[in-house]
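Thank you for asking me to look over this model. My comments follow as numbered points, beginning with a single residue and then moving outward.

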Amino acid sequence: MIPIHEHLFGDERPFAACHAPTIAALPDGNLIAAWFAGTAEGHHDTAIWGARRTPAGWSPPRLLVKVGEVPHWNPVLFSAPDGVLHLWWKVGPSPRDWTTWTMTSADGGQRWSSPRTLVPGDIGGRGPVKNKVIVLSDGTWLAPASRETAERWEVFVDRSDDGGQTWVRSPALPHDPALTGLGVIQPALWESGPAQVHMLNRSTCERVCRSDSTDGGRTWRTVAPTDLPNNNSGLDLARLPDGRLVLACNPVAGNWAARTPLTLLLSGDNGATWRIWRDLETADGEYSYPSIIPVPGGVAVVYTWRRERIACWTGPVLDEEQRHS
């Protein structure tokens, strides 16, 4: 696998600003990405856009969905085991008012079902808030979720036993006293063994925060800070077939600190320790909100590039000795 670092589109983009990309692998081996775009984050003209990558390269950006003159946020793509592609996104003037919408595609994102709300009566957002759904070893779907109010940020998971048709929300996870500020949002999930589920979270305490579950995500330990720095910006991770974890984030301490560099870190011990593996961006500017998935031979990562473009890196995940052999 040869590393490829590219932008999905150039300055000819049909919108002023873009953010919060998501990526999924399709059954035919191609990739699909989505993001929100418009005048600016939170503007009423924002909508969900997308593009597909084939051997010929990325297709031109395409408007996927717009359900009213209200801001759209944080799309999440997921290629289900049956080949159906799912898309979730948030709609509302602010995170406190979000409703989650969803639609599906049976042909790799060429055509989509009619958009619908995910959970009737939802206010604040259900289902995945930024990062991908995972399928547990018993077939259960887990969605990494969070809720933001002016007083508190908190994470939870949504469980589905029927392939994403209906969802049951867990209680909000308790916070360790060391978790200062508003709290945590935007979990990233992985399963290390049957019913052994883990999450890393964005936080306001200058550290990535973690929790673990031993019963398939039904109950969780207290969310507590790790040694990893966090700048109150989104992160994501992928679990490789050999069990290694690849974390994409800005490894920068400070609440609302700079969103650069954007870095990939590796863990061989289920997230107990991490080492910096590769910087994707190091220049001044914003490089943020990564979405990462395993692909044959390595990983694929998309991220916001200065709020002007969406960038993608695909490549093998090699240890130092492999890289120099």
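1. Is N230 buried or exposed? The model is a predicted one, and in it N230 has a relative accessible area of 1%, which falls under the 20% limit, so the residue counts as buried. N230 sits in the loop between strand 18 (residues 224-229) and strand 19.

2. The side chain of N230 is placed against the backbone of its own loop region: one of its polar atoms lies 3.0 Å from the backbone nitrogen of N232, and a polar atom of that side chain also lies 3.2 Å from the backbone oxygen of S233. When neighbours within four places in sequence are left aside, the contacts of N230 include R202, S203, E206, R207 and V208, as well as N250, V252, A253 and G254.

3. E206, one of the residues in contact with N230, deserves a look at its backbone, since its phi is near 75 degrees, a positive value in a residue other than glycine. E206 belongs to the loop between strand 16 (196-203) and strand 17 (207-213), and at 36% relative accessibility it counts as partly exposed.

4. The loop between strand 20 (245-249) and strand 21 (262-267) holds R259, and three of its residues can be taken together here. W256, placed in the loop between strand 20 and strand 21, has a phi near 65 degrees, again a positive value in a residue other than glycine, and with 53% relative accessibility it counts as exposed. P261 is found in the loop between strand 20 and strand 21 as well, and the peptide bond that leads from T260 to P261 is cis, with omega near 0 degrees.

5. R259, by comparison with the exposed W256, counts as buried at 12% relative accessibility. Its contacts, apart from neighbours within four places in sequence, include H19, R202, N231, N232 and S233, together with N250, E286, Y287 and R307. R202 and N250 are therefore worth inspecting from both sides, because, with contact taken as heavy atoms within 4.5 Å, each of them is in contact with R259 and also with N230.

6. What does R62 touch beyond its neighbours within four places in sequence? The residues in contact with it are I48, W49, G50, G109, Q110 and W112, and for Q110 there is a polar pairing, in which the backbone oxygen lies 2.8 Å from a polar atom of the R62 side chain. R62 is placed in strand 6 (62-65) and counts as partly exposed, with 35% relative accessibility. Its C-alpha atom is separated by 33 Å from that of V184, which is 122 residues away along the chain.

7. G164 lies in the loop between strand 13 (153-160) and strand 14 (168-169) and is buried, with a relative accessible area of 5%. Leaving out neighbours within four places in sequence, the contacts of G164 are with R116, L118 and W141.

8. Turning to the pockets, the largest encloses about 500 Å³ of space, and of the 20 residues that line it, K132, V133, I134, I293 and P294 are the closest to its centre. At least two lining residues come from each of several strands, among them strand 2 (17-25), strand 15 (184-193) and strand 23 (287-295). The lining divides into 16 nonpolar, 1 polar and 3 charged residues.

9. The second largest pocket has a volume of about 290 Å³, and of its 14 lining residues the closest to the centre are G29, N30, L31, R53 and T314. Strand 1 (4-7) and strand 4 (47-54) are the elements that give two or more residues to this lining, whose classes are 8 nonpolar, 4 polar and 2 charged.

10. For the chain as a whole, the secondary structure comes to 1 helix and 25 strands. The radius of gyration is 18 Å, close to the 20 Å that the globule rule gives for 325 residues, so the chain is as compact as a globular protein of that length. The C-alpha atoms fill a box of roughly 55 × 45 × 40 Å along the principal axes, and buried residues make up 58% of the 325 residues. Among contacts between residues at least 6 apart in sequence, 48% join residues at least 24 apart.

Terms used
Residues are numbered from 1 along each chain as its sequence is written. This is a predicted model: local features need pLDDT of at least 70, side-chain atom pairs count only at pLDDT 80 or more; totals for chains, interfaces and linings use all residues. Side-chain values use heavy atoms; hydrogens and water are left out. Helices (H or I, at least four residues) and strands (E, at least two) are DSSP runs, numbered from the N terminus. Buried means under 20% relative accessible area, exposed over 50%, partly exposed in between (1.4 Å probe, protein chains only). A polar contact is a pair of N or O atoms within 3.5 Å; within protein, one must be able to donate a hydrogen and the other to accept it, and residues adjacent in sequence count only if both atoms are side-chain atoms. On a 1 Å grid over the protein atoms alone, a cavity is a set of points where a 1.4 Å probe fits but cannot get out, and a pocket is an open set with protein on both sides within 12 Å along at least five of seven lines; lining residues have an atom within 4 Å of a point. Grid points are joined across faces, edges and corners, and a volume is the space filled by probe spheres set on the points. Ala, Val, Leu, Ile, Met, Phe, Trp, Tyr, Cys and Pro count as nonpolar, Asp, Glu, Lys and Arg as charged, and the others, Gly among them, as polar. The radius of gyration is taken over C-alpha atoms; the globule rule is 2.2 Å times the number of residues to the power 0.38.
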